[in-house]
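Let's take a walk through this fold together. Have the structure open and follow along.

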Amino acid sequence: MNKKQLAAKIWASANKMRSKIEPNEYKDFILGFIFYKFLSDQEFSYTEGNEMSDDQLRTTLDESNSRVREHLQRNLGYFISYDHLYSTWIAQGTDFSVASVRDALSAFERLIHPDRKKLFGGIFKTLSSGLSKLGATDAEQSKAIRDLLRLIIEIPTDSKQGYDVLGFVYEYLISKFATKADKAGEFYTPYEISVLMSDIIAYHLKDHKEIKIYDPTSGSGSLLINIGKSVARHIANKDQIKYYAQELKQASYNLTRMNLIMRDILPANIEVRNGDTLREDWPYFDEDDPHGTYKPLYVDAVVSNPPYSQQWDPKDRETDPRYVDFGLAPKGTADFAFLLHDLYHVKPDGIMTIVLPHGVLYRGGSEQQIRRNLIEQNLIDTIIGLPGNIFFDTGISTIIMVLKRPDTRPDDEKILFIDASQDFVKEGTKNKLRACDIRRVADTVNGRLEVPNYARLVSREEIRANDYNLNITRYVDASPAPDQYDIYATMLGGIPPHELSKLDPYWHTFPTLREQLFRCCEIDGYYHLVTQHIAHTIEQDESVQQYVAAFEQRLSEEAHTHTTQIDVTIPHQAMVAEQVADYQRTKQSFSQFLEEQIVTPMLTLQIPQVLDTLTDELFRRIETVPLIDKYLAYQFLSDDWTEIALDLEILQSEGMDAVRQVDPNMILKKRGDEEVEVQDGSLGRLLPFSLVQQELFPDERTHVEQLQARLEEITDRYAQIIESLSPEELKKSILNNDNTKFVVREVNEEVKRIKEDLDIPEVTLLKSFPSTRREQVAFIEAHPELPWQRTTPNGNGTYGRTQVKALITLLQEEYPLPEDSYEAKVVEVSRLLQEEREKKKELKACEQTLEEQTIETIQQISNERAIELLRIKWLDPLITSLERMPSEVLSTLITEVQRLADKYATTYQDISTRIASAESQLHDLLGELEGSDVDLKGLSAFRNTLTNHTNHGTR
């Protein structure tokens, strides 16, 4: 189940439960039950329950079976009896009762292994204490829980998902009910911010063999999970990562534990504590054995997103080892208290990242003193300015501050300032970092790069000169510069050379282009556009075409400036093999490289590590191509990789049989006041119907698309005809009440009346066709001028009343009505309605047949054919997007050239001339007016004003 499907199910269920509980509280129930299902499924799998009969499982998972119970407690840390399994609840159907949940949660708490009490103890407290909110009676509560259980049974709870399921549910619901969540003091770090912090930390720790990470304000635990996920890309054994977390709120503390447990992290690697981080620092000892267990907590990485500007009490904290070297944060603003707490727990070679409000960079008083001490002790590594309005709970500007111990920073190391505030995409009412924005920041931090108007390394001397003010805009500002106008060009026209020089990267890349677009005036040195066809001129330029071809070459076959030579004199076989591999890679197209990295090893590749490999190769190929934004290319890669990774996870968990699976397509439909889930056709689990049809049934698919296109044309023609009807014609009964659709019965009646009113001599004559056979023969012989040949005669060569009626209808239909007349439009509508009925019927039959063929093909498809289709699905969209990048470069250039041309196209002199001409014309027209003496005196005064203005303008 992907995120979109999961979100739809959660939202439908939340809406259904609105009448029972506050929307924001709904998350506590769904998260608790998802976790219980995970534990239940985990125990079921551990005991190989799918290989047992129901009776065997009941006997095995009985609390009185001490051997099995103690075995599970030792290995899993808990025991759930058969009666309390999630699957048993589902099987009970309408017999299920809320009492089953209460009994199960009570038994779970009682049966936790003593060594796992800290990990599991009280983990369902939020869920257990809230059950009474689901209804006034046990029956109401039982019904509400049954509905929730049926939803959750479809939600994946294994650790193979490509995303943090609990974290996603939490984030989704917090975003939906942000106002209530804010009032409840619940906050969530957006996934994108979490990934950015994780990438920075993972790069710093990439050479570590064992890693400890800590979040002192853990919330849902998603920050820790994402760091672990990023770090795991660089470490051989993910079980060498240990997770520490502390959280004040009981519900969030429980959620952190649930989240970490569900991510397949060893229980021994999880240490989570419920407590006030600022008041109760991480305990140095186990309360039961303070002397034997004394051990300070120092970790490789600390990450946090603490509550902003929170009240705290610094009284008697002067000797607290966390703050003694730096100072105390003010009582009303705990931001630096959290930062110093985090820093205290960082190892000498460690790193920390923290999200804080922008004010920590420049506020005075004790905060200024803390900044001074941090700077002078060489602890601040990087400050990243984030876009505003990216958090669910606040719209204020925020930053990420990266700190490292002096052990990893030279004495004269500068502070890196990054202004990433302009890099985002608008999503609803919020701003969101894109994958390319995250990558750009991470590369800049990890590479300690300076980028104009984006990132700058600043010395301590400069910061001292600014009185330790770290406001980012003092050092680097990514805000777009205001557009300035050249006075000379504004008055007299032309494009200033200095403005044209801003496009120098383009002129250097396309050396013949500027002369084809602009002519330089020898008198003033200003440029003038010499073509009205900017796009055509640019696209047809020879250097531009060479540029496009060169880019395609970089993707199709690597073109190094030198040929890689294989040094076979090196004795080390691995080194030779590495050189051979490098040489072969340069001879591959990027498409072939992708196939080798993704398609060929799809069942065995390490999914988290592949994106880095693909990115490195992509950047290597395009980094020397001017004007190409490698981060835009990365965005294309990341977007496609998200879908590819989901498919790979399904393949690796279900095997190749997954390609032959067809699932019901479930959608939400409104029924009364509720949205219900109903099936709307089917879809391939991995192979989209559209892809299978495009590749294997192209003719059938084309025919369906042609039918769909014709129906769209008919609909458009209806709209055109309605638009052309006069107000009187609209009043006729052929349209519905709001004049948006034609009424079939009324249209047919109107057509019948129109045909009856037509004055067609042949029809008038045919209407007098006699009834007796003898008279009919005589009539036919008497009127040979009638078009008898256009109808089919009887066996004896004569025509009867049936043929005559058909002939009348034919003549009426062929009668040339006046073009654009009301009658012609009604007759056309009648024909269109008939065609529409026929086309819809044909389309429905064709779509059904095509869907049946597609389903049958997917269910019987060979592995070889399926792999080929997956290759097309995964690789073709990405290659197409990358191939479009030169067009994006040219489009930007076209826009800029047109903007410059438009900017100075109309000069002040042009405007003055037009005004003078208009005033002169008005002056002459006023002189022709007649009126009373008083009116004429007033007009004369007005004309004199115009004359003065005109004369002044010409001077």
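Start with helix α17: ten of its 13 residues are buried, so the rest of the structure largely encloses it. The buried set is C436, D437, I438, R439, V441, A442, D443, T444, V445 and N446. Keep in mind that you're looking at a predicted model.

The length of α17 checks out too: residues 435-447 should span 18 Å at 1.5 Å a residue, and the end C-alpha atoms are indeed 18 Å apart. Right after the helix comes R448, with a positive phi near 50°.

Now for the sheet. It is open, has nine strands with mixed pairing, and runs in the order β3-β2-β1-β4-β5-β7-β6-β8-β11. At the edges stand β3 (270-274) and β11 (455-458); each has a single partner strand, so one side of each is left without a neighbour in the sheet. On average, neighbouring strands are turned by 15° against each other, ignoring direction. For a look inside the sheet, find β4 (residues 299-304) and β5 (residues 346-357), which run parallel and are joined by five bridges. V299 has V346 in β5 as its bridge partner.

Helices pack on this sheet. α14 (residues 250-262) touches β2 (241-247) and β3, and its direction makes about 175° with that of β3. Our helix α17 packs there as well, touching β6 (380-385), β8 (415-419) and β11, at about 165° to the direction of β8.

Finally, how many disulfides does the structure hold? Zero. The sulfur of C520 has its closest cysteine sulfur in C521, but at 7.0 Å that's too far for a bond. C520 is partly exposed, with a relative accessible area of 37%, while C521 counts as buried at 18%.

Key. Residues are numbered from 1 along each chain as its sequence is written. This is a predicted model: local features need pLDDT of at least 70, side-chain atom pairs count only at pLDDT 80 or more; totals for chains, interfaces and linings use all residues. Side-chain values use heavy atoms; hydrogens and water are left out. A disulfide is a pair of cysteine sulfur atoms within 2.5 Å. Buried means under 20% relative accessible area, exposed over 50%, partly exposed in between (1.4 Å probe, protein chains only). Helices (H or I, at least four residues) and strands (E, at least two) are DSSP runs, numbered from the N terminus. The expected span of a helix is 1.5 Å times one less than its number of residues. Two strands pair if DSSP finds at least two bridges between them. Axes are lines fitted to C-alpha atoms, for helices over the stretch in contact, and angles run from 0 to 180 degrees between N-to-C directions. Contact means heavy atoms within 4.5 Å.
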